[in-house]
Every structure is written in C-alpha cells, then in structure tokens.
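This report looks at one helix and at the aromatic rings associated with it. The sequence and the structure are shown first.

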Amino acid sequence: MSRSAHPAGPRHADVLPEGHYSAPPADLNALDPKVWAQTVDRDEEGVVTVGGISVTQLAEEYGTPAYVLDEADFRARARAWRTAFGTDADVFYAGKAFLSRAVVRWLDEEGLNLDVCSGGELATALSAGMPADRIAFHGNNKSPQEIERAVRAGVGRIVLDSFQEIVRVAHIAQSLGKRQRVQIRITVGVEAHTHEFIATAHEDQKFGIPLAGGQAAEAVRRALQLDGLEVIGIHSHIGSQIFDMSGFEVAAHRVVGLLKDIRDEHGVELPEIDLGGGLGIAYTSDDDPREPHEIAKALTEIVTRECEGAKLRTPRISVEPGRAIVGPTAFTLYEVGTVKPLEGLRTYVSVDGGMSDNIRTALYDAEYTVALVSRTSDAEPMLTRVVGKHCESGDIVVKDAFLPGDLAPGDLIAVPATGAYCRSMASNYNHALRPPVVAVREGEARVVVRRETEEDLLRLDVG
Ligand code: LLP
C-alpha cells in the first residue's frame, strides 16, 4: 500500500512530515464500515455505540483500555465463511488470531471447526466443549506431551510439519493403540505478497516440508508406511494478510501436482487438501478485502480445475481463516492521557495502553486508523501519532492518523480492526495488565476475558 504525504494543513505544522497518510478524511466523525465492526454507529449525541451500547458506558463499566468485540459481527462472519464453502468443505477458524471459551462456543454453534497450534489453545477448545474430531492441531514443534494429549483427546487431524514429527506422532499414536488422522504440511515455494514475518510458503523458513527436491513426496512415502498414521491429506498455508488470490492458485496447482504424484506412486488418492488461512482484512479505508463467497468460489474452482486436469477425484477442501473472521469484529477502546504537539512534526497522543495490547504496529509496521468515539468534533483535523505508555519510543499504536484538533485528555478514542492478533499477542511489558475482551450483543455486554490484575502478576512471581 503506498501512500504519500499530503500538503493539507494540520494544526501544528506548515509542511507535513513524511509519513504513511493520505489527505485528512472529509469528515473525521464518519466511521468507515469497511474497518469498523458491523453494529458500530453513533447515537444522537455523537457517542459511538456497538451492539447498542455506548462506548462511554463500556468505559465506565469495564475501564480502558479494553477490546470490544461485536458478537453479532463475529457470528455473521463465521456463518458467511461456513455458508460460502458449503457442506463439501470445512472451515477451521484459526484460534491463534483470538481464542476464548466464548469464541469456541460461537464457532461450535455456527458449525465451524477449529485450528489450534499449542497445548494451551487445545486446552481452551476442549474445556469449552468443542468436539475433538473438529479440531486440527498445528505447530512446527509440538511437544510429546502436547501430541499425546491431542491423540488421547481424539483430535480430527494433526498437521505434521517435519520428518521427525512424522515418526514422533506415529509412535505416540501406536503406543496408545490409535491410528491418528494426519495431514502433511508442505511449502510450495510461493512468495506471498505480505510482510516477511507472516509469509510462510517460501522455502527458507521454519514451517512445512519443501515440495522442492522431492522432500514432501518422501515425507508422504514415510508416513504412508507407519501404522500409527492415517494420511488424509496435504496442507499448505502461504502466509497472512493476503489480498491477491494468485498465491493460492499456485499453491493449489502444486498441491494437486503432489496428490497426482502420490496417486501414481502409491495408488492412493488422498481425500483432503487444506489451503490454510491468510485472507486479508481492511485495516484502513485503502484496503479492499474479498468476500468469503468470492474466496470460496475461487479456491473451489482452482482445485476442481487442477484435479480434472490431473484426473483425480476432487478432494474435500478445508481452509483456516483467523483474521478474516475475528479481525474486523473488535476495536480497542483507549482513554487519551496526554496530547503533545511537536512543532513542525505531529501531535503525539498518549493512550492508556500501547504495544502491550497491540504489538502489530511495532512488529510488522502495520497500519491502523483511529477515531474520537466519546463525542463528535468540528475542529480542524490534526496529524497525530497515537502512542502507548510503555518505555520505548517504538511504542506506537497508530503511526499517522488525523484526529480532531480539540482532542483532550479524557477523550475516548478507538482503533478498529484489532480483533485478530492483538489480545492473542498481548504482553505484560512494563508489567502492564492485559486488557479485557468485552463482547457486546443486542444491548448487552459481557466480559469474555477479564482484565488482568496486579494479583495475577504477583501470583506468577513466587518470590
Ligand atoms: N493456518 C495456519 C497454518 C497458520 O499458520 C495461520 C496463521 C492461519 C491458518 C491463520 O491465518 P489468518 O487467516 O489469520 O491470516 N501475528 C501475525 C499473523 C501470524 C499468522 C500466523 N499463522 C499478524 O498479526 O499479522
């Protein structure tokens, strides 16, 4: 996304500094539905509401910072993915984006499956009653204890990530007298157009077994010989926050090529193929994500076409969207603590959270927007940088954003599209207390993950 500096005047600078911003929006009070959760609106006093509850009421009851999650939106997005893929395919929500027991129940009710990637996520899923056979277990270094727990629980699939893991899972399953359903994760050699840290299909990285050099074929060869394993398919995840479908096209082509080779060599047609997650969402008005039905249509067409070409039965497709379901459904509510104009530069707005509740800006140079939500304002736009309260200058939540020039301590501002990878990557840096997740629906709010307390911190510190 390329944006240019804009010459229109903010309050505190004659010439705008370099930055990632375009013109100030025509109406700073407007809330672009692309980036805000579905039920977000303003009431007649100009206060933002979500699920029929005002942010001022939420701040009063639950404090700030807080992640506010629109349950109706979450369910609608989950359902849209489920409906788009139909009954011949499976949608596994990627729990790493955000997982709590309430979320697990919503997914179960909406007919989605669940992808977990650690013992902790598995425990959360099982404790909320997700049927084990609808859970996929991921990870590039699952511990023997995690594997044993997953096999004992009866998870629907374990996604194998290395030669050693193939043997490890087979051994554990066999020693428990079980045959574990597995997929083998391969890297297809696609360069996904996203940040380096979240691209996963090029070969020089830690995930999967490379297709190149026949390694993936060798992994399948070995897995097929092991009694403890039932090889059900091949898995490919090319990266995250991707808008361009061409990477998936290449991946599907190469995965189907491997299925064909397996059929030719072993006489076995593997019944499933998983194309991973990674579909992008709108963080700013410049992003144009695809709808689930377009994605489903595109992926199904690619796989069907490739299989016809290879004279293979079309396998059952599964996908693992995380961000695309939960990302847009939440915003982070902050209270402004200080407003510091730097002459000729920009105005620094400090909020009561920061990199401990949203590391994505510091880690991936991610872009977000922000809005004043406790009131409207007709003041001139000013160029701001929204920063946290942590002890480092990289503690930035929103790099460049316009807020009303009369912004003052005590105002509430909110950063939309923080549902994915914010609470789940939150930290206790500077002994910050991780914010709660408050779910709202039809005029009711309830805490689904409570705010941490100083007692929580001290309980871990055993002196
Ligand atoms: N499946 C697998 C095997 C994955 O590794 C991931 C994400 C997903 C599905 C879900 O991807 P999604 O649909 O959410 O893009 N912390 C980073 C994202 C890391 C993604 C890791 N794997 C971020 O904040 O952007």
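In this predicted model, the buried residues of helix α2 are E71, D73, F74, R75, A78, W81, R82 and F85, a list in which charged side chains appear alongside aromatic ones. The helix itself covers residues 71-85, and its 15 residues reach 21 Å from the first C-alpha to the last, close to the 21 Å expected at 1.5 Å a residue.

Both ends of α2 can be described locally. At the start, a side-chain oxygen of D70 comes to within 3.3 Å of the backbone nitrogen of A72, while just after the helix G86 adopts a positive phi of about 70°.

The structure holds 5 aromatic pairs, including the two set out below.

| Pair | Distance between ring centres | Angle between planes | Arrangement |
|---|---|---|---|
| F74 and Y93 | 5.7 Å | 65° | edge-to-face |
| W81 and F85 | 5.9 Å | 5° | stacked |

The pair of F74 and Y93 links distant parts of the chain, since F74 belongs to helix α2 and Y93 to strand β5 (residues 89-94), 19 residues apart. F74 and Y93 are both buried, and together with W106 they form one aromatic cluster.

The planes of W81 and F85 lie at 5°, and the pair is therefore stacked. W81 and F85 both lie within α2, 4 residues apart, or about one turn of the helix, and both are buried. An α-helix has 3.6 residues a turn, so residues three or four places apart point the same way.

Note on methods
Residues numbered from 1 in each chain as written. Predicted model: local features only at pLDDT ≥ 70, side-chain atom pairs only at ≥ 80, totals over all residues. Heavy atoms only, no water. Helix = DSSP H or I, 4+ residues; strand = E, 2+ residues; numbered from the N terminus. Expected span 1.5 Å × (residues − 1). Buried < 20%, exposed > 50% of the residue type's maximum accessible area, 1.4 Å probe, protein only. Polar contact = N/O pair within 3.5 Å; in protein donor to acceptor, adjacent residues only side chain to side chain. Phe/Tyr/Trp six-rings, centres within 6.5 Å; stacked < 30°, edge-to-face > 60°.
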